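Student: I'd like a close look at a single part of this one, please. Could you pick one helix, go through how it packs, and then step back to the chains?

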Amino acid sequence: MKSTDSPLVLPLAALFVAFFVAPLCVLVALSLSTDANIASFTAAHYVKFFTDSFNYSILFETLLLGVKATLVCLVFGYPIAWICARSGARLQSIIVFLVILPILTSVVVRTFAWIVILGRQGIINQVWTAFGFEPLRLLYTEVGVVMVLAQVQMPLMVLPILTVLTKMDPNLADASRVLGAGEWRTLFRVTIPLSLPGVIAGCILVYTACITAFVTQTLIGGARLIYMPLNIYQQAIGANNWPFAAALSVIFMVAVLVIVGVLNAIGKRSEVYGRA
Amino acid sequence: MDAPRAAVDMEALSLRIVFGMLAAIAMVFLIGPTIVVLLTSFTPSESLRFPPSGLSLRWYWALIDADQMQRAAWASLIVAFWTTVISVVLGTAASLAIARSSSKWVRAADVLFMSPLLLPALAFGFAALVFISRMHFSPSLTFLVLGHVIVCVPFVLRTTIASLTQLDPALLDASQSLGASGLMTFRRVTLPLIAPGVASGAFLAFMASFDNVPVSLFLSDERTEMLPIHLWQQIDTNLDVRTAAVSGLIVILTLVLMLIAERMAGLTRQLAR
């Protein structure tokens, strides 16, 4: 049975090699070449990136944007998962349904909604100015981008945590309480440590989704807030500088992989800790 | 004995209040934009102010004449359809191997198949464009669909593998010891049992493809404009009120499809395990 099933992986593997691995290899080659024809090799594009503070500050701002949005998702998503795990099957379905609704609704539509909400005459400012305050600038600011990213990517945080929480043995939290620990102590010393694998999985998904969210970053952030995906797009299409766009893509992908690797390593350790 | 007991209950109460408030705020933020889109799409006026001054179907009727939007919607539906078909066929086959095999090659393939979820889709879209122009092809519907399959197939794999790992292997042994061939066991035993997982994955892949911008931006040819990109340009330039009606329509269709997926395949249960 085992050996006869393995070939079933081959069709998809062939597609991935031909249309995912090969393009990425060509991309790396292009990032190291002098022009779009990949004739001779140079490291100039990487040198240009790391010697130009404008470029590496974009990378830094992008990575930081992900941290902010992920933290917002964690602070609001953990309580949703915690309440959801304690609810009956029906209420649980309703909560999950409402949580996944934004991520399934078209990204452009979602962003459009946020423009109506965050704009100068948007809902938030209508309420705000009704109290006599000056209108807030939310659209085209980083605060706005973080809010929208957190809303859209929330399910990626809630679902992995919910999965871990529903599988957790409720006796452990009960034991903690019987032994005299209060609810908060039980939360921080038992429940959260045991749910760390879910938290880490959620953080990885939310983080990578947020830093690569081209449409949201561009429409809510506007043209002045430049993050890595827009930078790559502008170099590739606007400036038609393919080798530099390729170098930016490679640098961005390596940065994402390093961060995922580190978070994964922390996740592995937390699983060991959870079992002990 | 009464005093400490009361103290513990106070603490339990404070935790419930704090978590309840955080979750309530989050839920308002999660659902609010959807409601805003729905209400705005029924506006009778020329502007996109919220709340709308009344309710009318004016802009929905205006969609009947919106040729460009309709063409874009068709193009997106066709690409999403083929992407889903290919993702389900290749993804289900690969899931069978991944769920049952422990060979390190199959493990590596699993990691490879999941990586488009983590890597920037825009960088992949660009890489694919570079690749096909190196091969002296130009962007076409075929390449667009293949590019979408790469970024959408992880959804099918995730839900299908999850259903397969919960499948009782004794059922497969029983089927085979009763003389059923491998293919018959798959059709009569495995497939009906994993169908909800496959269907949920297919639904997610369809929505992800219909919604995709970063890959379409590089791989669609000049003649075919995809709906999300068309809408994006509308929002970025003139904020046509018809955009609100299309958005409202997309929200309504998404809700209907989600309810169908929930009834037929238990979508929320598939995702929460």
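Tutor: Here is a walk along one helix and its two partners, followed by the contact between the chains and a look at chain B.

Keep in mind that this is a predicted model. Let's take helix α4 of chain A, residues 53-85. Two packed helices are described by the angle between their axes and the distance between the axes, and that's the pair of numbers to start from.

Begin with helix α8 of chain A, residues 142-167: the axes of α4(A) and α8(A) come within 6 Å and cross at roughly 40°. The two are therefore oblique to each other, since angles under 35 degrees would count as roughly parallel. As for handedness, α4(A) passes α8(A) in a right-handed crossing. Sort the residues of this contact by type and you get 21 nonpolar, 3 polar and 2 charged.

Now the other partner, helix α11 of chain A, residues 196-211. Here the axes lie 8 Å apart and the packing angle is about 135°. That angle makes α4(A) oblique to α11(A), because the roughly antiparallel label is kept for angles over 145. This crossing is right-handed. On the α4(A) side the contact is made by T62(A), L63(A), L65(A), G66(A), A69(A), T70(A), C73(A), L74(A) and G77(A). Facing them from α11(A) are V199(A), G202(A), C203(A), V206(A), Y207(A), C210(A) and I211(A). By type, the residues of this contact come to 11 nonpolar, 5 polar and no charged.

Stepping back to the chains, the contact between them takes 77 residues from chain A and 74 from chain B. On the chain A side, the largest share comes from helix α2(A), residues 10-31, with 13 residues. That side of chain A divides into 59 nonpolar, 14 polar and 4 charged residues.

Finally, chain B itself. Its secondary structure amounts to 12 helices and 0 strands. The radius of gyration of chain B is 24 Å, whereas a compact globule of 273 residues would be near 19 Å. Taken along the principal axes, the C-alpha atoms of chain B fill a box of roughly 80 × 70 × 35 Å. Of the 273 residues in chain B, 45% count as buried. And if you look at contacts in chain B between residues at least 6 apart in sequence, 76% of them join residues at least 24 apart.

Key. Residues are numbered from 1 along each chain as its sequence is written. Chains are lettered from A and ligands numbered from 1 in the order in which they are written. This is a predicted model: local features need pLDDT of at least 70, side-chain atom pairs count only at pLDDT 80 or more; totals for chains, interfaces and linings use all residues. Axes are lines fitted to C-alpha atoms, for helices over the stretch in contact, and angles run from 0 to 180 degrees between N-to-C directions. Helices (H or I, at least four residues) and strands (E, at least two) are DSSP runs, numbered from the N terminus. Angles under 35 degrees count as roughly parallel, over 145 as roughly antiparallel, 65 to 115 as roughly perpendicular and the rest as oblique. A crossing is left-handed if the near helix is turned anticlockwise from the far one by less than a right angle, and right-handed if clockwise. Two residues are in contact if their C-beta atoms, placed from the backbone, lie within 7 Å. Ala, Val, Leu, Ile, Met, Phe, Trp, Tyr, Cys and Pro count as nonpolar, Asp, Glu, Lys and Arg as charged, and the others, Gly among them, as polar. The radius of gyration is taken over C-alpha atoms; the globule rule is 2.2 Å times the number of residues to the power 0.38. A residue is buried if 20 or more other C-beta atoms lie within 10 Å of its own, exposed if 12 or fewer, and partly exposed in between; C-beta atoms are placed from the backbone.
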